[in-house]
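Reader: I have a new model open and I'd like to go through the labels people put on it. Can you take me through the reasoning behind them?

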Amino acid sequence: MRWLLAICCFTFATLSHATAAPMLDDSFIDKVLVVKSERQLHLISRGVTMKSYRVSLGKQPGPKEREGDKRTPEGFYWIDWRKTSDKYNLAMHISYPNAKDLARARREGTRPGSMIMLHGTPVDEEYPEWFFHTLDWTEGCIALRNDDMREIWNLVKNGTLIEIRP
């Protein structure tokens with residue numbers, strides 16, 4: 001009887017441990033969450049964070065208010081298209097501005113800006129990739145190391161929700 005109890009406990013412990021850590025292999029990423037204050041991008045599947053990455057943001061802090069302010073927007077958007085980029089490796093377009101951003105810009109008499117992307121890091125002989133990875137350097141986009149961007153490119157489909165929090 002003790003052996004049966006021991007086998008049951010061992011089986012339960014093994015199965016519990018196997019499912020404790022999320023796996024990306026067969027996951028469907030249904031949300032990308034960017035937390036600007038943490039400089040983190042999280043891939044989420046059914047409410048569970050599957051993987052996190054360090055990101056670089058716009059040169060100026062705070063939410064995007066107008067074109068050219070060098071700030072990363074905050075709000076709910078979609079990954080709506082993608083392209084390869086000579087300058088930034090791979091790039092996925094974020095559907096900024098949304099209706100709220102457009103209304104604010106109209107109210108304030110400014111242009112909201114556009115072309116906010118999730119993209120890789122420039123390949124530059126003078127500045128290695130690690131140099132870009134440790135500071136906020138974009139014009140308002142969200143940048144990642146190229147290896148991380150390649151992984152996200154393969155895991156995140158067009159039409160995926162992206163939430164950008166302060």
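Reader: Where does W130 sit, and why is W130 called exposed?
Author: This is a predicted model, and in it W130 belongs to helix α3, residues 129-133. Exposed means over 50% relative accessible area. W130 comes in at 59%, so the label fits.

Reader: What makes the nonpolar surface patch that includes W130?
Author: Three residues make it: Y127, W130 and F131. Together they give a patch of about 330 Å². Nonpolar side chains are joined into a patch within 5 Å, and each member needs over 30% relative accessible area. W130, at 59%, clears that bar, so it qualifies on accessibility.

Reader: On to the rings. Why is the pair of Y88 and W137 called tilted?
Author: The structure holds three aromatic pairs. For Y88 and W137 the ring centres are 5.9 Å apart, and a pair needs centres within 6.5 Å, so they count as a pair. Their planes meet at 35°. Stacked would need under 30 degrees and edge-to-face over 60, so tilted is what remains.

Reader: What does that pair tie together?
Author: Y88 is in the loop between β4 (75-85) and β5 (89-94), while W137 is in the loop between α3 and β7 (142-143). The pair therefore ties together parts that are 49 residues apart in sequence. Ring pairs also link Y88, F132 and W137 into a cluster.

Reader: How do you know which of Y88 and W137 is buried and which is partly exposed?
Author: Buried means under 20% relative accessible area. W137 has 13%, so W137 is buried. Y88 has 23%, which is past the buried cut-off but short of the 50% for exposed, so Y88 is partly exposed.

Reader: What makes R82 count as sitting over the ring of W153?
Author: The charged end of R82 is 4.8 Å from the centre of that ring. The distance cut-off is 6 Å, so that part of the test is met. The other part is a position within 35 degrees of the ring normal, and R82 does sit over the ring.

Reader: And M50, is that buried or exposed, and why?
Author: M50 is in strand β3, residues 48-54. With 14% relative accessibility against a limit of 20%, M50 counts as buried. From M50 to F28 the C-alpha distance is 9.8 Å, with their positions 22 residues apart in sequence.

Reader: What is noted about the backbone at R39 and M115?
Author: Neither is a glycine, yet each has a positive phi: near 55° for R39 and about 55° for M115. R39 is in the loop between β1 (31-35) and β2 (40-45), and M115 is in the loop between α2 and β6 (117-119).

Reader: Why are R39 and M115 called partly exposed?
Author: The label covers values between the 20% and 50% cut-offs. R39 has 27%, so it falls in that range. M115 has 42%, so it does too.

Reader: Which peptide bond is cis, and what is its omega?
Author: The one joining Y96 and P97, where omega is about 5°. P97 lies in the loop between β5 and α2 (99-108).

Reader: Last one: how many helices and strands does the chain have, and what share of its residues is buried?
Author: Four helices and eight strands. Of 166 residues, 40% count as buried.

Notes
Residues are numbered from 1 along each chain as its sequence is written. This is a predicted model: local features need pLDDT of at least 70, side-chain atom pairs count only at pLDDT 80 or more; totals for chains, interfaces and linings use all residues. Side-chain values use heavy atoms; hydrogens and water are left out. Patches are made of residues with over 30% relative accessible area and no salt bridge: like charges are joined within 9 Å, nonpolar side chains (Val, Leu, Ile, Met, Phe, Trp, Tyr) within 5 Å. Accessible areas come from the Shrake-Rupley method with a 1.4 Å probe; for residues, only the protein chains shown count as cover. A salt bridge is a side-chain nitrogen of Lys or Arg within 4 Å of a carboxyl oxygen of Asp or Glu. Helices (H or I, at least four residues) and strands (E, at least two) are DSSP runs, numbered from the N terminus. Buried means under 20% relative accessible area, exposed over 50%, partly exposed in between (1.4 Å probe, protein chains only). Rings of Phe, Tyr and Trp (its six-membered ring) pair if their centres lie within 6.5 Å; planes under 30 degrees apart count as stacked, over 60 as edge-to-face and the rest as tilted.
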